[in-house]
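Work through the exercises below with the sequence and the coordinates open. Each task is followed by a solution in steps.

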Amino acid sequence: MKKYFVVLISMLLILSMVFTACKDNTEAGNETGANSDITSDDGSDSDSIPDDSSDSSSDSSSSDKKPDDTQKPDDTQKPEAYKVVESYMPEDVSAEMKRLFEGREASFMTSAASTNPYVIRDVYNISNCRVKSISIPVIKTTTEDANGDFIFTIYVLQNEWMNGLKQTPRRYYEIKINAEEYGLNEDDSAVYKWIKVDLTDYNIVLSATETMGFVGDDDTIFAAFMGNGSKTDKAQLLIENNFPQMRGFVKKTGLVTTAHAVDNNTLIYDFEFERTYESKEAYDAYVEAENEYREKIEALMDIYAGKKLSILGDSISTFDGISNSTSYNSTIGNNAVYNFRGTASALNNNGLYDQKDTYWHRLMTDLFMELCVNNSWSGSKVIDSAPGRAGQLHNNSGDKPDVILFYMGINDLHNKAAMGDLYEILASKTDTRSDAEKIEQWLIDTSALSSKSFEQAYAASLRTMKEKYPDAEIWCMSLLVNGDSRFTTTAMNQYNRCIEALAEYFGCNYIDQNEGYITRGTCVANSCDGKGLHPNPTGHALMEKHIIECFYEKLINE
């Protein structure tokens, strides 16, 4: 018995050694993979073959069973996740900003705890990621702690809209920055040093609805922010011309009463983000799509750069100081506004907090267009005011628009504006006439009616635009799907069918927004009202992306 017991112990020891060796090899592979910029989810080589030794269908009792060489791979097996580390700023922009900062060749100001946190306005490019590092433009230090560390605080806040930023930060991280390691001194009011800090150990993960803020009440290291608003400032020009989505920030957030948007200044932190994709193939497809999109923008820039854009819209297209500013057109001063700057005069604002987040401003920025007039009015209906306002899309200098975006109708639907019979005529299966022939006769039949319908008012608006701005490229935008139960799919489809047919009849272009990137399943998440009616910054960015693609489709078709 003792002999058999010794043999058994020996066998267990051998098995233990084999298991330990395999374990060590696996861990070594994970450690190697983790050091690369692009890794699979477990850190192993993305080209490795998954281990299928745990297949429960195998018969372990049949030791002499031969492997089935004809067995097909399991197509349902989930591919390994693929991680990519990306920089926030373009490399050349980051290097030049560092040079300007350390050389003191531009205007930089010191952040202060009294107006903290300072929150990044760019909510579209900073989300769905793990923050690997931060580059901080250190301009001031106070007292280091007993370990020789300075404290720098990073907050994580909800990013969708101004009311989200006014809420208490979801969490915060006190980053310790060692004075000796980074060559910093105590109580230095003019540091001007650009440092890169590894954040891996802090595990800062941002969801799709989160962004970052900076500067805590007890911080002992302070970053600079850019600018005095001067358009001739070197740093200002660098961002304006090369990375405009970074410009502007929000300060004094995390308070119930107020949050302030700062348009003319910019936080100049740079980051490294780790983003996870379903697979390497998914990442490659994403990169290819982004490159194609940038190529579309570059092709469109050759056509639209310098052209003047006007908008005829409702609340979605408004912005305070622009859509109600008589400096553009003397008739729009009383236009109601939904989207305000986040200032003390707009404490209850539930919309966007910077005009640069709107779909139309993004379009102007990408294509280097100029704003002619934004004649948008919150709550306005086509049936009430659009035909008259359609003739007020030129500016006070007499400049006429080269491009017009016409985006109205949701308030007509909401308020049950009178609907004529155009949809029934267009939808008739027994009437074999073309849409153009049907509309031609419908316009004749309804011209003498004293009461007006949505369709009549829409047609009158397009007629006015064509007469007053005959050289303008007019784009009619469909109503966008939303999550409000008051707007049924049937009613939305009827409105959009009429908008599309009238746009074609009057020789205008049509943008079917429901063929874009906002769907019934995502519209609420991309809104700032909880109903999907008013898009948040991400929603506006998705709207603009679809508009770009519609512009490009028209270009290649011509």
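The exercises go from the whole chain to a helix pair, single residues, cysteines and loop positions in this predicted model.

**Exercise 1. The chain as a whole**

Task: Find how many helices and strands the chain has, and what share of its residues count as buried.

Solution.
Step 1. Secondary structure: the chain holds 14 helices and 20 strands.
Step 2. Burial: 47% of the 558 residues count as buried.
Step 3. Surface: about 27600 Å² is exposed, and 49% of that area comes from carbon and sulfur atoms.
Step 4. Contact range: take the contacts between residues at least 6 apart in sequence; 79% of them join residues at least 24 apart.

**Exercise 2. The pair α6 and α14**

Task: Describe how helix α6 and helix α14 cross, and which residues meet there.

Solution.
Step 1. Locate the helices: α6 covers residues 280-304, and α14 covers residues 537-557.
Step 2. Geometry: their axes come within 10 Å and cross at roughly 65 degrees. The crossing is left-handed.
Step 3. Residues: α6 contributes Glu-290, Tyr-293, Lys-296, Ile-297, Ala-299, Leu-300, Ile-303 and Tyr-304. From α14 come Glu-544, Lys-545, Ile-548, Glu-549, Phe-551, Tyr-552 and Leu-555.
Step 4. Classes: sorted by type, the contact of α6 with α14 has 10 nonpolar and 5 charged residues, with no polar ones.

**Exercise 3. Met-543**

Task: Decide whether Met-543 is buried or exposed, and list what it contacts beyond its sequence neighbours.

Solution.
Step 1. Place: Met-543 belongs to helix α14.
Step 2. Accessibility: its relative accessible area is 4%, under the 20% limit, so Met-543 is buried.
Step 3. Contacts: with neighbours within four places in sequence left aside, Met-543 is in contact with Ile-316, Tyr-359, Tyr-407, Met-477, Leu-480, Gln-513, Ile-518 and Pro-535.
Step 4. Sequence separation: one of these partners, Leu-480, is 63 residues away along the chain, with 9.4 Å between the C-alpha atoms.

**Exercise 4. Two buried residues in strands**

Task: For Tyr-118 and Ser-133, find which strand holds each residue.

Solution.
Step 1. Tyr-118 is in strand β4, residues 118-120, and Ser-133 is in strand β5, residues 129-141.
Step 2. Tyr-118 counts as buried at 4% relative accessibility. Ser-133 is also buried, with a relative accessible area of 4%.
Step 3. Outside four places in sequence, the contacts of Tyr-118 include Met-212, Phe-214, Phe-225, Phe-249 and Lys-251. The C-alpha atoms of Tyr-118 and Lys-251 are 4.4 Å apart, although 133 residues separate them along the chain.
Step 4. Under the same exclusion, Ser-133 touches Lys-196, Val-197, Asp-198, Leu-199, Asp-270, Phe-271 and Glu-272. Its C-alpha atom is 4.8 Å from that of Leu-199, at 66 residues along the chain.

**Exercise 5. Cysteines**

Task: Determine how many disulfides the structure has, and why Cys-476 does not bond to Cys-508.

Solution.
Step 1. Recall the bond: a disulfide joins the sulfur atoms of two cysteines covalently.
Step 2. Search: the whole structure gives 0 disulfides.
Step 3. Distance: the closest cysteine sulfur to that of Cys-476 is in Cys-508, at 4.7 Å. A disulfide requires sulfur atoms within 2.5 Å, so this pair is too far for a bond.
Step 4. Accessibility: Cys-476 is buried at 0% relative accessibility, and Cys-498 is buried at 0% as well.

**Exercise 6. Loop positions**

Task: Place Asp-187, Tyr-192 and Ser-380 in their loops.

Solution.
Step 1. Asp-187 sits in the loop between α4 (179-182) and β8 (193-198). Tyr-192 lies in the loop between α4 and β8 too.
Step 2. Backbone: Asp-187 is not a glycine, yet its phi is positive, near 50 degrees. Tyr-192, another non-glycine residue, has a positive phi of about 50 degrees.
Step 3. Asp-187 has a relative accessible area of 58%, over the 50% limit, so it is exposed.
Step 4. Ser-380 is in the loop between β17 (370-376) and α8 (382-389). Its relative accessible area is 6%, and Ser-380 is buried.
Step 5. Beyond four places in sequence, Ser-380 is in contact with Gly-313, Asp-314, Ser-385, Arg-389, Met-408 and Asn-411. Its C-alpha atom lies 9.1 Å from that of Ile-410, 30 residues away along the chain.

Definitions and conventions:
Residues are numbered from 1 along each chain as its sequence is written. This is a predicted model: local features need pLDDT of at least 70, side-chain atom pairs count only at pLDDT 80 or more; totals for chains, interfaces and linings use all residues. Side-chain values use heavy atoms; hydrogens and water are left out. Axes are lines fitted to C-alpha atoms, for helices over the stretch in contact, and angles run from 0 to 180 degrees between N-to-C directions. Helices (H or I, at least four residues) and strands (E, at least two) are DSSP runs, numbered from the N terminus. A crossing is left-handed if the near helix is turned anticlockwise from the far one by less than a right angle, and right-handed if clockwise. Contact means heavy atoms within 4.5 Å. Ala, Val, Leu, Ile, Met, Phe, Trp, Tyr, Cys and Pro count as nonpolar, Asp, Glu, Lys and Arg as charged, and the others, Gly among them, as polar. Buried means under 20% relative accessible area, exposed over 50%, partly exposed in between (1.4 Å probe, protein chains only). Accessible areas come from the Shrake-Rupley method with a 1.4 Å probe; for residues, only the protein chains shown count as cover.
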